[in-house]
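Please write a brief structural report on this protein. Cover the overall fold and the charged contacts.

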Amino acid sequence: MTEAASYTPEQLSEALRQIDSTLGKLRATLATLEARENADRLKPQITLARRRIDAFEIAADLVSRELSSSR
């Protein structure tokens with residue numbers, strides 16, 4: 001195993017900003033997909049968007065925790 005990486009508070013803050021930005025875009029995409037008339041046909045894309053949102057929410061939580069513990 002490799003040694004755990006160490007990040008500066010500035011790097012963590014920027015990572016969190018980027019994650020939050022991506023989450024906003026994913027949520028907008030999901031809303032658009034779910035609102036389409038043929039949403040049933042878009043089920044794979046909707047599932048993928050939901051899974052990505054879940055993953056980015058986890059990432060944001062972990063980065064926030066790391067940021068809190070580094071202060």
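Which side chain does R17 meet in a salt bridge? In this predicted model, the partner is E14, with N to O at 3.0 Å. R17 and E14 sit three residues apart in helix α1, which spans residues 9–35. That spacing separates them by about one helical turn. E14 is partly exposed, at 35% relative accessibility.

**Salt bridges**

The structure holds four salt bridges. Three of them, including the R17 pair, are listed here.

| Pair | N to O distance |
|---|---|
| R17 and E14 | 3.0 Å |
| R27 and E57 | 2.6 Å |
| E34 and R50 | 2.4 Å |

Take R27 and E57, whose side chains meet at 2.6 Å, N to O. R27 lies in helix α1, while E57 lies in helix α2 (residues 43–69), so this salt bridge ties together parts that are 30 residues apart in sequence. R27 is partly exposed, with a relative accessible area of 41%. E57 also counts as partly exposed. Its relative accessibility is 34%.

Now take E34 and R50, whose closest N and O atoms are 2.4 Å apart. This pair links distant parts of the chain, with E34 in helix α1 and R50 in helix α2. The two residues are 16 positions apart. E34 is partly exposed, at 37% relative accessibility. R50 is partly exposed as well, with a relative accessible area of 43%.

**Overall shape**

The secondary structure comes to two helices and zero strands. The radius of gyration is 16 Å, well over the 11 Å that the globule rule gives for 71 residues, so the protein is more spread out than a compact globule. Its C-alpha atoms fill a box of roughly 50 × 25 × 15 Å along the principal axes.

**Contacts, burial and surface**

Consider contacts between residues with a separation of 6 or more. Residues 24 or more positions apart account for 68% of these. Of the 71 residues, 21% count as buried. The accessible surface comes to about 5,700 Å². Carbon and sulfur atoms make up 53% of that surface.

**Charge**

How many positive and negative charges does the protein have? There are 11 positive and 11 negative charges. The mean positions of these two sets are 7 Å apart.

Key
Residues are numbered from 1 along each chain as its sequence is written. This is a predicted model: local features need pLDDT of at least 70, side-chain atom pairs count only at pLDDT 80 or more; totals for chains, interfaces and linings use all residues. Side-chain values use heavy atoms; hydrogens and water are left out. Helices (H or I, at least four residues) and strands (E, at least two) are DSSP runs, numbered from the N terminus. The radius of gyration is taken over C-alpha atoms; the globule rule is 2.2 Å times the number of residues to the power 0.38. Buried means under 20% relative accessible area, exposed over 50%, partly exposed in between (1.4 Å probe, protein chains only). Contact means heavy atoms within 4.5 Å. Accessible areas come from the Shrake-Rupley method with a 1.4 Å probe; for residues, only the protein chains shown count as cover. Lys and Arg count as positive and Asp and Glu as negative; His and the chain ends are not counted. The place of a charge is taken as NZ of Lys, CZ of Arg, CG of Asp or CD of Glu.
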